[in-house]
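Here is an informal walk through one protein model, meant to be read with the structure open beside it. Have a look at the fold before reading on.

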Amino acid sequence: MSGRGGNARPRPPEPEAPPRAVRRSKPALLISLPSETAYLGMIREVTKHMAEMAGFAEPVAERLSLAVDEAATNVLEHAYKGATDREVELRFDDRGADFRVELVDTGQMVDPRAVPQVDLDRFVTERRTGGLGMHLMEKIMDSVTFRRSARRNVCSLVKHKEGEGSSRG
């Protein structure tokens, strides 16, 4: 028998690629919002939801949303000086042991060391308002850092999820 295919053997199946370990290099959620205070409520709601998805109890998730709200307010008021034609990028990432939120802006760099420490007793007796943002962020979060990257400001807020840490504040 001459002809094609008479003695052809079928090809063995291609070996499947081994499954890769699931490791996120991108944020779990990335949103970009206009630099308007009207979006602060949305920032709080999304932060609370993401924190709850990461395993934090509702009261802790509420506090985390307050810290992120304060960071966003600082961007709007200080980095952008009230300009409403800019954008604020929020990156939410659940990294197993840590929950991280990064706020990225293209505004003026603000040196966090230049922010005065808050004397709460004096603050209350003088009935001052404003100026508590950094204090609240540092009190609520385990880590608050600022850096400049590719001509953008990055404020990184991290909360650890220790054994009972997801229910502590």
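What follows goes from the overall fold to a helix face, a cavity, the salt bridges and two loop residues.

## The fold at a glance

Keep in mind that this is a predicted model. The protein has four helices and five strands, and starting from the N terminus they come in the order β-α-α-β-β-α-α-β-β.

Of the 169 residues in the protein, 34% are buried. Look at contacts between residues at least 6 apart in sequence: 63% of them join residues at least 24 apart.

## One face of α4

Helix α4 covers residues 133-140, and its buried residues are Gly-133, Met-134, Met-137 and Ile-140. Where do these buried residues sit when you look down the axis of α4? They fall within an arc of 140°, so they line one face of the helix.

As for what lies over that set, the cover on the buried residues of α4 includes helix α2 (58-79) along with strands β4 (143-149) and β5 (152-160).

## A cavity with a nonpolar lining

How many cavities of 30 Å³ or more does the model have? The count is one, and the largest cavity holds about 50 Å³ of space. Its lining is made up of Leu-33, Pro-34, Glu-36, Tyr-39, Leu-40, Ile-43, Ala-72, Leu-76 and Val-88.

Sorted by type, the lining has eight nonpolar residues, no polar ones and one charged; Glu-36 is among the residues listed there. Three elements, β1 (29-34), α1 (40-53) and α2, each give at least two residues to this lining.

Leu-40 also turns up in the surroundings of Asp-69. Asp-69 is placed in helix α2 and is buried, with a relative accessible area of 9%. Setting aside neighbours within four places in sequence, Asp-69 is in contact with Leu-40 and Arg-44.

## Salt bridges: a helix pair

In total the structure holds ten salt bridges. One of the pairs to look at is Lys-48 with Glu-58, where the closest N and O atoms are 3.1 Å apart. This pair links distant parts of the chain, with Lys-48 in helix α1 and Glu-58 in helix α2, ten residues apart.

Are the two partners buried or exposed, or something in between? Lys-48 counts as buried because its relative accessibility is 15%, under the 20% cut-off. Glu-58, at 46% relative accessibility, counts as partly exposed, since that class runs from the 20% limit up to 50%.

## Salt bridges: a network around Glu-89

Glu-89 is worth picking out on screen. Its side chain meets that of Arg-91 in a salt bridge, at 2.7 Å from N to O. Glu-89 also forms a salt bridge with Arg-152, and there the closest N and O atoms are 4.0 Å apart. Glu-89 lies in strand β2 (residues 87-94) and Arg-152 in strand β5, so this second pair ties together parts that are 63 residues apart in sequence.

The wider picture is a network: salt bridges that share partners join Glu-89, Arg-91, Glu-102, Arg-147 and Arg-152 into one group. On accessibility, Glu-89 is buried, with a relative accessible area of 17%, whereas Arg-152 counts as partly exposed at 28%.

## Two loop residues with positive phi

Which residue in the loop between α2 and β2 has a positive phi? That residue is Lys-81, with a phi of about 50° although it is not a glycine, and its place is in the loop between α2 and β2. Lys-81 is exposed, with a relative accessible area of 60%.

Arg-151 likewise has a positive phi, about 65°, and is not a glycine. Arg-151 is found in the loop between β4 and β5. At 72% relative accessibility, Arg-151 counts as exposed, because that class begins over 50%.

How values were computed
Residues are numbered from 1 along each chain as its sequence is written. This is a predicted model: local features need pLDDT of at least 70, side-chain atom pairs count only at pLDDT 80 or more; totals for chains, interfaces and linings use all residues. Side-chain values use heavy atoms; hydrogens and water are left out. Buried means under 20% relative accessible area, exposed over 50%, partly exposed in between (1.4 Å probe, protein chains only). The arc is that of the directions from the helix axis to the C-beta atoms. Contact means heavy atoms within 4.5 Å. On a 1 Å grid over the protein atoms alone, a cavity is a set of points where a 1.4 Å probe fits but cannot get out, and a pocket is an open set with protein on both sides within 12 Å along at least five of seven lines; lining residues have an atom within 4 Å of a point. Grid points are joined across faces, edges and corners, and a volume is the space filled by probe spheres set on the points. Ala, Val, Leu, Ile, Met, Phe, Trp, Tyr, Cys and Pro count as nonpolar, Asp, Glu, Lys and Arg as charged, and the others, Gly among them, as polar.
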